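Here is a short set of questions and answers for a reader new to this structure. Please look over the sequence and the model before reading on.

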Amino acid sequence: MARPDTARSETTRSSRWRIETDSEKVERDLTCLVLTLVELVRQLVERQCVRRMEQGDLSDEQIETLGLTLMRLEEAMTELRERFGLSPSDLNLDLGPLGTLLPTD
């Protein structure tokens with residue numbers, strides 16, 4: 001049989017490691033993280049497309065297709081941000097001394 005002092009100290013120890021969370025906040029933060037990653041990839045793809053276009057690696061048809069695709073993706077990101085009540089700045093993580101994740105141009 002466990003001693004009362006031992007049981008109490010185990011309860012105290014386990015409660016120190018327990019994190020109190022709000023399910024709505026967790027959902028919003030997870031959504032923010034996922035949309036941040038999607039936005040980062042979208043911006044990287046956009047820059048790569050511009051580079052390839054400037055180098056002359058793409059045909060006029062490819063440029064048209066990529067432009068339309070990137071516009072649709074940007075519109076989808078805007079819709080998702082609005083649906084979850086996020087602003088573009090909410091997706092720009094502060095990395096401390098490294099600055100922000102996304103460019104602020």
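Buried means under 20% relative accessible area, exposed means over 50%, and partly exposed is in between. The model discussed here is predicted.

Q: Is Asp90 buried, partly exposed or exposed?
A: The relative accessibility of Asp90 is 28%. Partly exposed covers the range between under 20% and over 50%. Asp90 therefore counts as partly exposed.

Q: Which residue forms a salt bridge with Asp90?
A: The closest N and O atoms of this pair are 3.7 Å apart, and a salt bridge needs such atoms within 4 Å. The pair links distant parts of the chain, 62 residues apart, with Asp90 in the segment after H3 and its partner in helix H2. The partner is partly exposed, with a relative accessible area of 37%. It is Arg28.

Q: Which elements make up the protein chain, in order from the N terminus?
A: The protein chain has three helices and zero strands. From the N terminus on, its elements therefore run α-α-α.

Q: Why does Arg42 count as buried?
A: Arg42 lies in helix H2, which spans residues 23-55. Buried means under 20% relative accessible area. Arg42 counts as buried because its relative accessibility is 7%.

Q: Which residues does Arg42 contact, leaving aside its neighbours within four places in sequence?
A: Contact means heavy atoms within 4.5 Å. With the neighbours within four places in sequence left aside, Arg42 is in contact with Leu73, Glu74 and Met77.

Q: Which residues are joined into one network by salt bridges that share partners?
A: Arg42 forms a salt bridge with Glu39, with the closest N and O atoms 2.8 Å apart, and both residues are buried. Arg42 also forms a salt bridge with Glu46, at 2.9 Å; Arg42 and Glu46 both lie in helix H2, four residues apart. Salt bridges that share partners thus make one network of Glu39, Arg42 and Glu46.

Q: How many salt bridges does a search of the whole structure find?
A: One of them joins Arg28 and Asp90. Arg42 forms a salt bridge with Glu39, and Arg42 forms another with Glu46. The search of the whole structure finds three.

Q: What distance separates the C-alpha atoms of Gly67 and Cys49?
A: Gly67 is found in helix H3, residues 60-83, and is partly exposed at 31% relative accessibility. Gly67 and Cys49 are 18 residues apart along the chain. Their C-alpha atoms are separated by 8.7 Å.

How values were computed: Residues are numbered from 1 along each chain as its sequence is written. This is a predicted model: local features need pLDDT of at least 70, side-chain atom pairs count only at pLDDT 80 or more; totals for chains, interfaces and linings use all residues. Side-chain values use heavy atoms; hydrogens and water are left out. Helices (H or I, at least four residues) and strands (E, at least two) are DSSP runs, numbered from the N terminus. Buried means under 20% relative accessible area, exposed over 50%, partly exposed in between (1.4 Å probe, protein chains only). A salt bridge is a side-chain nitrogen of Lys or Arg within 4 Å of a carboxyl oxygen of Asp or Glu.
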